[in-house]
Amino acid sequence: MTECIYDVKQFAWNTLMTTVDKKGYTYFERFLPQQKQVLTFNNMFDVEAMAQNGTCLRFKTTGSHLSFSCKKGDHMLRALKVIFQPTTFYQQYGKAVKRAHFKVSADKNKYSSKTILNPLELYIEGRLFAHTKYKNGKIEFFYPHPEKDEVEVCLALPHLRIGIRDFMLDGVVKPCEHNKKRLLCLGDSITSGGNTHHPNYSYVMQMANELDMEIINQGVSGNTFYVDCLNGLEYLDFAPDLITIAYGTNDWNFAPTVELVRQQMDRYFEKIEVLFENIPKVVITPIWRADEYVAAVTKELDEIRHMIERRAQKMKHTLVLNGSTLVPHDPGYYADGYLHPNDAGHAIYGANVAAKINEWLGNR
């Protein structure tokens with residue numbers, strides 16, 4: 001079959017916009033420029049602003065070959081700096097707050113640092129067909145399908161940033177129609193899904209599949225009820241059909257006082273009400289973590305859960321979910337043994353949230 005180079009932007013899903021560098025590589029953005037400006041104030045958020053969690057390329061084709069030139073984003077070195085300077089994550093509190101974690105070693109689904117930085121994955125008709133490590137240079141996939149004339153292909157991009165150029169396909173190709181409702185997900189590292197082995201296995205992706213929605217994943221590792229991260233959302237060129245908000249675990253872990261958490265949370269929800277007053281919202285309190293009963297400056301995590309619940313219930317069109325009921329209280333379902341769910345934990349989390357949302361929306 002004859003191969004042609006296509007403009008990759010027409011295949012992009014779960015992204016707000018695309019940018020192109022001087023060498024012609026296309027990047028996929030999940031934050032608006034106004035939001036990125038806010039997120040550059042520390043190393044961790046700067047890296048997260050460039051990440052492409054949840055982004056994929058979707059198209060239908062009669063062909064069986066895909067190739068493109070790949071370029072790793074220039075934020076890779078910054079990601080390494082973040083790993084070795086973790087106390088710079090939380091400057092929104094005025095100073096970094098250190099706390100000794102209660103560590104639990106997971107005996108299931110143990111991941112190395114290499115598997116956390118997810119691969120490129122190719123799905124054919126919704127099933128994982130092949131995967132490969134991303135690298136600088138040419139990447140290609142072959143996917144014969146003798147039993148079907150046309151198949152739907154989804155290329156799930158890794159969480160860390162890559163650019164794509166010379167996107168080449170054979171056969172007859174057409175983009176998948178953007179005919180789904182849109183879900184905006186706000187949250188921390190658990191929402192960003194960075195600890196999943198497969199890019200498509202985060203609870204956000206599982207939830208979106210169950211709800212049949214396209215997503216914009218604005219999870220940011222280390223984030224809290226930090227109101228400035230909402231700056232720029234007034235410039236969205238669409239109104240989300242549903243919003244999920246999942247913070248609190250980092251607030252509990254790093255805030256010096258409960259009162260500071262309350263103040264930040266109030267400011268955050270006040271702005272959410274201004275931006276999205278009549279849009280259905282789902283607020284998820286912190287999921288279980290293995291160290292939550294260890295003394296912290298903000299006392300028990302349940303205190304934060306109850307505080308979030310009371311405030312969120314004051315908003316219109318809002319469902320509040322108790323996060324501690326959504327993932328098993330078992331370190332085996334956590335990639336690090338205590339805080340971030342692994343693929344199995346995310347699958348349960350996403351299915352539970354989606355079921356509760358479907359029930360709620362069906363009763364409205």
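## The second largest cavity

In this predicted model, the residues that line the second largest cavity divide into eight nonpolar and three polar, with no charged residue among them. The lining is made up of F31, Q35, L39, L186, Q218, V220, N223, C229, L230, Y247 and Y268, and the space that these residues enclose has a volume of about 60 Å³.

One of the lining residues, C229, can also be described by its own exposure: because its relative accessibility is 10%, C229 counts as buried, the limit for that class being under 20%.

## The largest cavity

How many cavities of 30 Å³ or more are counted in the model? The count comes to two, and the largest of them holds about 80 Å³ of space. Its lining consists of 13 residues, and those that lie nearest the centre of this cavity are D188, I190, A246, P286 and I287.

By character, the lining of the largest cavity divides into eight nonpolar residues, four polar residues and one charged residue, whereas the lining of the second largest cavity has no charged residue.

## The second largest pocket

Apart from the cavities, the model has pockets, and the second largest pocket contains about 460 Å³ of space. Of the 21 residues lining this pocket, R58, C154, N200, M205 and N209 are the closest to its centre. The lining as a whole divides into ten nonpolar, five polar and six charged residues.

Which helices and strands each supply at least two residues of this lining? They are the strands β5 (56-61), β10 (151-156) and β14 (213-219), together with the helix α6 (203-211). The largest share comes from α6, which contributes four residues to the lining of the second largest pocket.

## Cysteines and the absence of disulfides

A disulfide is a covalent bond that joins the sulfur atoms of two cysteines. A search of the whole structure finds zero disulfides. C154, for instance, is in no disulfide, and the nearest cysteine sulfur, which belongs to C56, lies 3.8 Å away. Because a disulfide is counted here when two cysteine sulfur atoms are within 2.5 Å, the separation of 3.8 Å between the sulfurs of C154 and C56 does not qualify.

C154 is also one of the residues closest to the centre of the second largest pocket. With a relative accessibility of 12%, C154 nevertheless counts as buried.

## L155 in strand β10

L155 is found in strand β10, one of the elements that supply at least two residues to the lining of the second largest pocket. Is L155 buried or exposed? L155 counts as buried, because its relative accessibility is 0%.

Leaving aside residues up to four places away in sequence, L155 touches T55, C56, L57, L66, F68, L120, E121, L122, F141 and F167. L155 and N200 are 45 residues apart in sequence, and their C-alpha atoms are 9.9 Å apart in space.

## The chain as a whole

The protein chain has ten helices and 17 strands, and of its 364 residues 56% count as buried. Among the contacts in the chain with a separation of 6 or more, 82% are accounted for by residues 24 or more positions apart.

The accessible surface of the protein chain comes to about 15800 Å², and 51% of this surface belongs to carbon and sulfur atoms.

Note on methods
Residues are numbered from 1 along each chain as its sequence is written. This is a predicted model: local features need pLDDT of at least 70, side-chain atom pairs count only at pLDDT 80 or more; totals for chains, interfaces and linings use all residues. Side-chain values use heavy atoms; hydrogens and water are left out. Buried means under 20% relative accessible area, exposed over 50%, partly exposed in between (1.4 Å probe, protein chains only). Contact means heavy atoms within 4.5 Å. Accessible areas come from the Shrake-Rupley method with a 1.4 Å probe; for residues, only the protein chains shown count as cover. On a 1 Å grid over the protein atoms alone, a cavity is a set of points where a 1.4 Å probe fits but cannot get out, and a pocket is an open set with protein on both sides within 12 Å along at least five of seven lines; lining residues have an atom within 4 Å of a point. Grid points are joined across faces, edges and corners, and a volume is the space filled by probe spheres set on the points. Ala, Val, Leu, Ile, Met, Phe, Trp, Tyr, Cys and Pro count as nonpolar, Asp, Glu, Lys and Arg as charged, and the others, Gly among them, as polar.
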